[in-house]
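Hi,

Here is the structure I said I would pass on. Have a look at it first, and my notes follow underneath.

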Amino acid sequence: MDIQLKKGVLDVCVLAVLKRGESYGYKIMQDVSPYMEISESTLYPVLKRLESNGYVLSRCAEYRGRLRKYYGITAAGEARIDEFTDDIRELDKAYKFILREGRRR
């Protein structure tokens with residue numbers, strides 16, 4: 001998959017996980033990994049980018065004696081999911097066109 005496309009899809013996958021509720025890094029990885037390959041070294045830069053763009057907020061809380069960073073989606077993050085959904089619908093039309101034209105030859 002094209003690296004830029006994958007980056008955009010991964011961002012929205014993380015946002016989709018957070019739309020279900022606040023979560024933390026390892027759990028987000030578990031939730032996304034059945035659908036897309038992801039590692040810690042990939043996830044944390046994604047979370048940092050999403051936070052710097054205003055799509056997620058983070059907070060630290062103690063869990064079993066250790067601090068854990070939790071992430072939650074913002075209204076801008078939810079809007080980004082909606083934008084992505086519209087983009088995918090448009091891309092799907094182009095995909096179907098490409099398949100149809102390729103069969104005509």
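Which strands does helix α1 lie across, and at about what angle to β3 does it run? Helix α1, residues 3-19, lies across β1, β2 and β3, and its direction is at about 100° to β3. Helix α3 (residues 40-52) packs on the sheet too, where it touches β2 and β3. The direction of α3 makes about 125° with that of β2. Before you read on, please keep in mind that this is a predicted model.

Now the sheet itself. It is an open sheet of 3 strands in the order β1-β3-β2, and the pairing is antiparallel. That leaves β1 (23-24) and β2 (56-63) as the edge strands, each pairing on one side only. As a reminder, strands of a sheet pair through backbone hydrogen bonds, either parallel or antiparallel.

If you want to trace the pairing on screen, start with β1 and β3, which are joined by 2 bridges. Ser23 stands opposite Tyr71 in β3, and Tyr24 has Tyr70 in β3 as its bridge partner. On the other side, 8 bridges join β2 to β3, again running antiparallel. One pair to look for there is Leu57 with Gly72 in β3.

The hairpin of β2 and β3 has 2 residues between the strands. Arg64 lies in that loop, and it has a positive phi of about 50° although it is not a glycine. Is Arg64 buried or exposed? It counts as exposed, because its relative accessibility is 75%.

Two residues in β3 are worth a click. Leu67 sits in this strand, and it counts as exposed because its relative accessibility is 65%, where the cut-off for exposed is over 50%. Leaving aside neighbours within four places in sequence, Leu67 is in contact with Ala61 and Glu62. If you measure from Leu67 to Val56, you should get 19 Å from C-alpha to C-alpha, with the two 11 residues apart in sequence.

Arg68 is the other one, also found in strand β3 (residues 66-73). What is the nearest side chain of opposite charge to Arg68? That is Glu22, 9.5 Å away, and Arg68 is buried yet has no salt bridge. For a salt bridge, the side-chain nitrogen would have to be within 4 Å of a carboxyl oxygen. Not counting residues up to four places away in sequence, Arg68 touches Tyr24, Arg59, Cys60, Ala61 and Tyr63.

Last, the core. In soluble globular proteins, nonpolar side chains tend to be buried together. Here the largest nonpolar core has 20 residues, and Val14, Ile28, Val32 and Leu43 touch the most other members. The elements giving two or more residues to this core are α1, α2 (25-32), α3 and α4 (75-103). Of these, α1 gives the most, with 7 residues. To see some of the packing, pick Val32: not counting residues up to four places away in sequence, Val32 touches Leu10, Cys13, Val14, Val17 and Ile38.

If you open just one view, I would begin with Arg68, buried and without a salt bridge, and then turn to Arg64 in the loop between β2 and β3.

Cheers

Key
Residues numbered from 1 in each chain as written. Predicted model: local features only at pLDDT ≥ 70, side-chain atom pairs only at ≥ 80, totals over all residues. Heavy atoms only, no water. Helix = DSSP H or I, 4+ residues; strand = E, 2+ residues; numbered from the N terminus. Buried < 20%, exposed > 50% of the residue type's maximum accessible area, 1.4 Å probe, protein only. Lys, Arg positive; Asp, Glu negative; His and termini not counted. Contact = heavy atoms within 4.5 Å. Pairing = 2+ DSSP bridges. Axes fitted to C-alpha atoms, helices over the stretch in contact; angles between N-to-C directions. Core = buried A, V, L, I, M, F, W, Y, C linked by side-chain atoms within 4.5 Å.
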